[in-house]
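Q: Got a minute to go through this one with me? Let's start with the ligand.

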Amino acid sequence: MMCNTPVYEIGSLRGMADTGNRFYIKREDLIPFSFGGNKARKAALFFKDIDDKQSDYVVTYGSGSSNHCRVVANMAAAKHIPCLIIMPLETEQDTMNMLITGLLGAQVMACRLKDVPITIDNEMQRLSAEGFRPYFIPGGGHGNLGTEAYVQCYQEIKDYEASEGVFFDYIFLASGTGTTQAGLVCGKLMNSDNREIVGISIARPNPRGRQVVVDSVKEYLGCKGIAETEADCAVTFIDDYILSGYGAYDEDVTACVNSVMHEHGVPLDCTYTGKAFNGMQKYLIAHGIAGKKVLFIHTGGAPLFFDYLKGKCR
Ligand SMILES: *Cc1c(COP(=O)(O)O)cnc(C)c1O
């Protein structure tokens, strides 16, 4: 799947016009498969690997609100490969992503959160014993293939800059498992670019949250035989806006989601993109950043916007 998602300039933001910062959004949510998003970009590479390995069963893991599970269920359905999703009981809920996942015919197996690793092992063994060649996609599309997807995205950003004659001083995004950020950071290091990539954590606190991104960067660069000495200082992972953790939001987040929809016609959500967009604005103000060109990566999650409208923010 060729992505090459559009970048739109949205100019200044309400309440921040006096800073002179100019904002742009890269619309990963417009990837033309299953409501797009970073999980679609990552999954495309995993499914290429599935083709190469001639696997015939997909197993993955995710919560009841998971964008990753929806996209994987859809790609599996499109390729006529059966799909098994292991889901923690604690997170099973009636979200838009769950409804879509069900529509696509994926089998959902719920277990207690602490039993997830053993359940994955057992199911992989059972499928092999039944004569299948099962393929496991890590939760969220974590791992080198997921990182690779965002090295490619970084290249698209470079191409946009070259053709439009702009340079982004800052790139902001919602950071969860950190693979998306890791790919962008690898792209930056491989190009020796001088800019700040700021991951706004939507759940994980530091130091662990940041360390996971650093480890992903090192793992990817290591596989490519590229020096990884700068990995540590290239990762900015901000945990100031996680509130009480995954899925938590406050009235600033909902005000941000409403305002971006009103002013720019771009749907965000309260778990990932709205939380990160709001965090970006607070970060820029807190650090007195002015007169810069700022790119926000819209990492998708459209079904969560509809959950928000129905009064459920996840
Ligand atoms: C999964 C997800 C993220 C986080 O991506 P990671 O690579 O796990 O850090 C951000 N935004 C949306 C909409 C997501 O679904």
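Q: Which element gives the most to the shell around the ligand?
A: Helix α1, with 3 residues. Helices and strands are DSSP runs (H or I, at least four residues; E, at least two), numbered from the N terminus. α1 (38-53), β7 (170-175) and α6 (179-190) each supply at least two shell residues.

Q: What are the ground rules here?
A: This is a predicted model: local features need pLDDT of at least 70, side-chain atom pairs count only at pLDDT 80 or more, and totals for chains, interfaces and linings use all residues. Residues are numbered from 1 along each chain as its sequence is written, and side-chain values use heavy atoms, with hydrogens and water left out.

Q: Which residues come nearest to the ligand?
A: K39, G176, T177, T180 and T299, out of 15 around the ligand. Near means a heavy atom within 4 Å.

Q: Which polar contacts does the ligand make?
A: Among them, a ligand nitrogen sits 2.6 Å from a side-chain N or O atom of T299. A ligand oxygen is 2.7 Å from a side-chain N or O of N67. The cut-off is a pair of N or O atoms within 3.5 Å.

Q: How much of the ligand does the protein cover?
A: 98% of the 380 Å² accessible on its own, by Shrake-Rupley with a 1.4 Å probe.

Q: New topic. How many salt bridges?
A: The count is 20, taking a Lys or Arg side-chain nitrogen within 4 Å of an Asp or Glu carboxyl oxygen. One of them pairs E28 with R41, closest N and O atoms 2.6 Å apart.

Q: What does that pair tie together?
A: E28 is in the loop between β2 (22-27) and α1, and R41 is in helix α1, so the pair links parts 13 residues apart in sequence.

How values were computed: A polar contact is a pair of N or O atoms within 3.5 Å; within protein, one must be able to donate a hydrogen and the other to accept it, and residues adjacent in sequence count only if both atoms are side-chain atoms.
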